[in-house]
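The following questions and answers examine one protein model. They proceed from the overall form of the chain to its charged side chains.

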Amino acid sequence: MGVKIEVFRMMLYLSFPVTMFWISNQAEYFEEYIIKRKREIFPPDEEVQRKELENFKERMRVRKEQRILKNFSEESEN
């Protein structure tokens, strides 16, 4: 009787991790969750948001150029 219990325990100890590994590698179980989570983190681009971002980048670039030119002109006067 003792050997049968030990064999059962050994099968259980080996089959549980193998089963968990097999389940976790099945893409169809997690595909919907992954796609939903990806869209939450990286939402699809909207035209309005992209235009606002482009305008912001342009304003920042112009502001930086003006600051550099101002510093350069002040240095050249000295």
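In what follows, Lys and Arg count as positive and Asp and Glu as negative, while His and the chain ends are not counted. The model is a predicted one.

Q: How far apart do the centres of the positive and negative side chains of the protein chain lie?
A: The protein chain carries 15 positive and 15 negative side chains. The centres of these two sets are separated by 4 Å.

Q: Which pattern does the protein chain follow along the sequence?
A: The protein chain contains three helices and zero strands. Read along the sequence, the pattern is therefore composed of helices, where helices and strands are DSSP runs. That pattern is α-α-α.

Q: Why is the protein chain described as more spread out than a compact globule, and what is its radius of gyration?
A: For 78 residues the globule rule gives 12 Å, and the radius of gyration of the protein chain is well over that, so the chain is more spread out than a compact globule. The C-alpha atoms fill a box of roughly 100 × 35 × 10 Å along the principal axes. Of the 78 residues, 1% count as buried. The radius of gyration is 31 Å.

Q: What share of the exposed area of the protein chain do carbon and sulfur atoms supply?
A: The protein chain exposes about 8,200 Å². Of this area, carbon and sulfur atoms supply 62%.

Q: Which residue forms a salt bridge with Glu6?
A: The partner lies in helix 1 (residues 2-24), as does Glu6, and the two are three residues apart, about one turn of the helix. Glu6 is partly exposed because its relative accessibility is 44%, and its partner has a relative accessible area of 36%. The closest N and O atoms are 3.2 Å apart, and the partner is Arg9.

Q: How far apart are the closest N and O atoms of Arg50 and Glu47?
A: Arg50 and Glu47 are three residues apart in helix 3, so about one helical turn separates them. Arg50 is partly exposed at 39%, and Glu47 is partly exposed at 46%. In their salt bridge, the closest N and O atoms are 2.9 Å apart.

Q: Which residues do salt bridges that share partners join into one network?
A: The side chains of Arg61 and Glu65 meet in a salt bridge at 2.6 Å, N to O. These two residues are four residues apart in helix 3, about one helical turn. Salt bridges that share partners join into one network Glu58, Arg61 and Glu65.

Conventions:
Residues are numbered from 1 along each chain as its sequence is written. This is a predicted model: local features need pLDDT of at least 70, side-chain atom pairs count only at pLDDT 80 or more; totals for chains, interfaces and linings use all residues. Side-chain values use heavy atoms; hydrogens and water are left out. The radius of gyration is taken over C-alpha atoms; the globule rule is 2.2 Å times the number of residues to the power 0.38. Buried means under 20% relative accessible area, exposed over 50%, partly exposed in between (1.4 Å probe, protein chains only). Accessible areas come from the Shrake-Rupley method with a 1.4 Å probe; for residues, only the protein chains shown count as cover. The place of a charge is taken as NZ of Lys, CZ of Arg, CG of Asp or CD of Glu. A salt bridge is a side-chain nitrogen of Lys or Arg within 4 Å of a carboxyl oxygen of Asp or Glu.
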